[in-house]
Amino acid sequence: MTLLAPLFLYVALAVAAATVALHFIVTRQPPSSPLPTARFAPRSSVRVTTISRPEDLLLLLVRASTVLLVGLAFARPVLIPERRAVARVVLADVSRGVAAIEEVRDSARSLLGERDALVVFDSAARVVRGGAADSAARLERAERDGRLSPALIAALRTAAELRAEADSIEIAIVSPFRASEVDGATQAIRALWPGRVRLMPVAAGGESSAPAPGVDVRGAPDDGVAIAARLAGLPAADPTVRVVRGEATAGDSAWAAAGRRALVRWPAGGAPPGWRARATTDTAGAVVAGEAVLVYPLERRWEPDPDAAGARVAARWVDGAPAAVERAVGAGCIRDVAIPVPERGDVVLRPAFGQLLRALAAPCRATAGAAGLGVEALRALAGDGPLASREQVAPPDAVATPLVPWLLAAALALALAELRLRRRAATPTRGVEEEEAPPREDRTPRGDTTALARGGAAARVEAG
């Protein structure tokens with residue numbers, strides 16, 4: 001065990017020592033009462049009290065223990081387990097890009113030790129510390145895209161927490177390593193890790209050699225979507241995605257069903273097929289499709305028909321309501337979009353609208369983002385050299401101290417016990433020796449009132 005702030009314990013030791021010293025220095029004074037003239041002192045015995053041993057030792061022990069427990073709690077003790085050679089942080093990809101989740105489970109369990117950590121990620125990441133191997137055996141495939149950047153950030157933070165219990169730390173990634181899982185920040189985050197990274201590829205859910213999709217926009221040349229497609233650099237040759245700004249035909253649906261193609265029905269006016277008018281028309285401040293976010297006041301006039309089943313939400317308004325849905329048809333899919341495109345303003349010229357168009361004009365879910373990382377990208381992600389040593393890993397900003405609440409609870413319990421013991425100590429002390437003096441004799445005759453009067457007068461003179 002180590003203390004993060006040992007100064008508080010030193011102060012508590014000094015206060016406890018002072019408490020013990022004051023306990024033996026301070027003595028209790030005997031009770032006092034008004035003393036009359038000796039002549040009129042009542043007949044009673046005189047008690048002489050002698051202390052034979054120190055009193056209230058249990059009360060002293062409780063007080064000193066309370067002070068020490070409070071000081072130890074503020075010193076923030078941390079239990080350090082036995083150090084091992086290698087601690088491992090395993091990143092398990094459970095996104096929809098994984099072909100078989102069983103392969104991810106087996107690979108993760110083969111890497112995880114007793115005190116290793118597991119980072120489960122798709123578009124977000126969560127860390128599992130206790131029973132990581134058991135948690136890996138219960139992994140389930142998610143319906144979201146994978147993102148390596150948040151997973152690497154979680155791994156770096158977890159590695160900082162493991163540095164105190166291992167000589168070296170290793171990060172291992174179990175993933176299909178699709179190109180869509182890497183963004184502009186991934187390489188910068190990877191550069192923060194000083195050691196190599198173990199890569200364990202698993203089968204991807206789509207074809208790893210799928211080419212970049214071409215997009216064919218069917219609409220007027222000055223249509224906002226057509227302009228945004230040209231500005232976004234979406235290729236028009238060999239299209240696998242068709243965006244129809246007018247009314248889609250049966251031939252368009254047959255084209256999508258014949259192969260792994262996507263038909264995007266995005267009417268310039270009116271509702272998409274399978275949508276109905278909302279009860280009240282309002283304005284939404286933003287729309288989200290995948291990682292693309294467009295912040296702009298857009299009118300919401302349509303909502304999907306609740307009787308239509310089997311649709312996947314491809315885009316949502318800021319409050320979570322569907323803005324675009326996707327349905328499978330044959331080997332392809334049909335995506336219906338109910339997002340209005342303003343005819344005025346520069347919203348279609350913004351990069352955010354281009355990113356939204358890329359997300360809505362992506363291939364079907366079966367092949368979306370299926371392209372794998374290249375050899376050079378995988379080599380840069382893995383790195384070279386030895387494992388990261390504990391000296392190379394920065395300590396965490398905040399250290400968990402689970403013992404502190406228990407120490408404070410124990411100090412509070414002792415403080416309550418001290419109140420009870422103090423009340424018991426207020427009673428007459430046991431273990432004292434009492435010596436009774438002989439009673440004082442009164443030689444004044446009981447019938448001599450004159451003598452009593454003279455005695456009273458003498459007493460008044462002495463008092464005066």
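Two strands are taken to pair if DSSP finds at least two bridges between them. In the predicted model examined here, strand β14, which spans residues 312–317, and strand β15, which spans residues 322–329, satisfy this criterion with four bridges and pair in the antiparallel sense. Within this pairing, Arg312 stands opposite Glu326 of β15. The hairpin formed by β14 and β15 has four residues between the strands, and Gly320 takes a positive phi near 95° in this hairpin.

Strand β15 is also joined to strand β16, which covers residues 332–337, by six bridges, and β15 and β16 likewise run antiparallel. Here Val325 is the residue that stands opposite Asp336 of β16. In the hairpin of β15 and β16, two residues lie between the strands, and a positive phi near 60° is taken by Gly330.

A helix contact was examined next. Two packed helices are described by the angle between their axes together with the distance between those axes. For helix α7 (residues 224–232) and helix α9 (residues 351–360), the axes come within 9 Å and cross at roughly 95°. Because angles of 65 to 115 degrees count as roughly perpendicular, α7 is assigned as roughly perpendicular to α9. On the α7 side the contact is made by Gly224, Val225, Ala228, Ala229 and Ala232, whereas α9 contributes Phe353, Gly354, Leu357 and Arg358. By residue class, the contact of α7 with α9 divides into six nonpolar residues, two polar residues and one charged residue.

Technical notes. Residues numbered from 1 in each chain as written. Predicted model: local features only at pLDDT ≥ 70, side-chain atom pairs only at ≥ 80, totals over all residues. Heavy atoms only, no water. Axes fitted to C-alpha atoms, helices over the stretch in contact; angles between N-to-C directions. Parallel < 35°, antiparallel > 145°, perpendicular 65-115°, else oblique. Contact = heavy atoms within 4.5 Å. Nonpolar A, V, L, I, M, F, W, Y, C, P; charged D, E, K, R; others polar.
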